[in-house]
Amino acid sequence: QGHLSRFLAFGLGLSVTAVEGDSRLVGLAERFDQELLRELAKAQARGNRGGLPPPQHHHHAPQDPRARASLCPRAPRHVAGRLDPQAPGQEFLLPPAPGPAPAARNPLGGPGEGERVLLTGLHACGDLSVALLRHFARSPRVAAVTSVACCYMKLSTRHEPAGPGHPAPGYPLSAWVAGLPGHALSYRAREAACHALEEYAGRLGRDSDCLRIHCYRAVLETLIRTADPSKKRLGVQTVKKAHALSFPEYARLGLPRVGLDPSAVPLDSEPVGAMLRQQHKVVAFFTLVLLLAPLVETLILLDRLLYLREQGFQCALVPLFDPQFSPRNLVLVAARAPLDTVLSGLDEDSSEDEDTASGTAEPPGQGQS
């Protein structure tokens with residue numbers, strides 16, 4: 001819906017092109033942009049009438065004069081399209097799938113066109129993060145890339161190919177990791193790496209009611225497989241506030257989402273009750289899985305860093321903020337120019353944030369660094 005793009009364009013004064021595969025979301029992002037422009041116009045009018053003082057800027061604000069303007073009327077440009085992880089940089093966009101559509105304009109421009117650009121993806125899902133790295137490596141016009149990944153279970157692997165036209169796996173990327181014996185990561189391991197270890201530790205400490213959802217999901221999975229053994233890893237859509245429901249209420253919402261009739265499944269039987277009484281075992285198992293999650297995520301992210309270094313680029317993994325704010329706190333940064341100056345400035349900013357928040361300076365990104 002363009003939240004990152006909106007911040008980069010209006011907040012930092014950058015020229016931004018946002019790529020989104022769902023044309024409906026493109027329309028929604030453009031609507032949000034227009035709503036913000038109207039609010040900014042109203043604020044500007046009130047400021048002119050009231051003689052308001054100039055806005056105060058955060059100490060992180062760029063020194064670019066464009067970014068110091070109180071209002072930035074330049075909205076991001078939104079493009080409906082999808083990235084092809086295998087195509088060279090000049091073939092950056094494909095039409096939205098499915099169905100025929102005119103070729104989308106390449107935001108990198110044609111030969112001899114355009115400025116150098118930064119590619120960035122916040123929570124870019126599965127192979128989309130990989131596509132950003134490959135386009136950075138192949139297109140000289142891309143000066144730098146910043147990547148915050150998510151949904152590692154959706155990565156294509158050598159054991160789970162991406163499909164026709166996409167032979168190269170999303171993991172492993174680097175020759176070094178590909179040469180490690182036993183480097184393969186199962187779907188379950190990659191899925192576990194997406195969970196929030198820090199948040200879960202808080203739930204355990206509080207003995208939160210939210211913990212029962214893990215047992216609910218395990219029992220539902222058992223019932224689904226009993227009813228239809230072919231149904232595995234269906235990705236049942238999350239039931240909101242499931243912990244506040246009884247299990248039969250939860251199951252009646254979940255079963256239709258996988259094509260099963262709740263009335264044909266015994267939800268109040270003694271076997272179901274016996275499984276629900278095993279909640280403590282499910283929680284213990286899930287806790288053990290989460291203890292390994294940072295290890296899996298580290299392997300995936302170091303594989304990407306090594307891939308870029310094998311291509312000759314300077315790069316770094318930066319624990320940018322507290323993982324309790326968002327568990328995906330590790331940012332992969334790479335550039336065609338030295339990174340030392342940029343990263344040293346980032347360290348100074350992190351220390352200032354710690355001083356402001358607590359009066360003491362501690363290393364940033366505690367938990368998953």
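**Cores, a bent helix and some unusual backbone angles**

Leu 28 is buried, with a relative accessible area of 17% (buried is under 20%, exposed over 50% and partly exposed in between, using a 1.4 Å probe and protein chains only). This is a predicted model, so to speak of local features a pLDDT of at least 70 is needed, side-chain atom pairs count only at pLDDT 80 or more, and totals for chains, interfaces and linings use all residues. Residues are numbered from 1 along each chain as its sequence is written, and side-chain values use heavy atoms, with hydrogens and water left out.

Leu 28 sits in helix α2, residues 23–50 (helices are DSSP runs of H or I with at least four residues, strands are runs of E with at least two, and both are numbered from the N terminus). Its C-alpha lies 8.4 Å from that of Gly 2, although 26 residues separate Leu 28 and Gly 2 in sequence. Gly 2 falls in the stretch 1–21, which an unreviewed UniProt entry labels "signal peptide"; UniProt positions follow the numbering used here, feature names are shortened, and annotations may be inferred rather than shown by experiment. Residues 1–21 are 48% helix and 19% strand, with the end C-alpha atoms 11 Å apart.

Stepping back to the whole protein, there are 12 helices and 8 strands. Of its 369 residues, 38% count as buried. Among contacts (heavy atoms within 4.5 Å) with a separation of 6 or more, 69% link residues 24 or more positions apart.

Now for the inside. The largest nonpolar core has 30 residues, where a core is a set of buried Ala, Val, Leu, Ile, Met, Phe, Trp, Tyr and Cys residues joined through side-chain atoms within 4.5 Å. Touching the most other members are Leu 133, Phe 136, Val 145, Tyr 152, Ile 300 and Leu 308. Two or more residues each come from β5 (117–125), α4 (127–138), β6 (142–150), α11 (279–310) and β8 (330–335). Leaving out neighbours within four places in sequence, Leu 308 contacts Leu 133, Phe 136, Phe 313, Cys 315, Leu 332 and Ala 334. A second, separate core has 17 residues, including Cys 215, Phe 247, Val 265 and Leu 267.

Strand β5 is home to Leu 119, which counts as buried because its relative accessibility is 8%. The C-alpha atoms of Leu 119 and Leu 133 are separated by 8.6 Å, with their positions 14 residues apart along the chain. His 123 is also found in β5, but this residue is partly exposed, with a relative accessible area of 37%.

Helix α11 deserves a look of its own. With 32 residues, α11 reaches 46 Å from its first C-alpha to its last, close to the 46 Å expected at 1.5 Å a residue (the expected span is 1.5 Å times one less than the number of residues). There is nonetheless a bend of about 30° at Leu 292, and Pro 294 follows within four residues; the bend is the angle between axes fitted to the seven residues ending at a position and the seven starting there. Just after α11, Gly 312 takes a positive phi of about 95°.

Further along, Arg 328 is placed in the loop between β7 (314–319) and β8. Arg 328 counts as buried because its relative accessibility is 6%. Its side chain reaches the backbone oxygen of Ala 193 at 3.1 Å.

Finally, the backbone has a few oddities. Most residues other than glycine have a negative phi, and most peptide bonds are trans. Against that background, His 123 has a positive phi near 60°, and Cys 151 has a positive phi near 50°. Cys 151 lies in the loop between β6 and α5, and Pro 172 belongs to the loop between β6 and α5 (175–178) as well. A cis peptide bond joins Tyr 171 to Pro 172, with omega about -5°.

Methods. A polar contact is a pair of N or O atoms within 3.5 Å; within protein, one must be able to donate a hydrogen and the other to accept it, and residues adjacent in sequence count only if both atoms are side-chain atoms.
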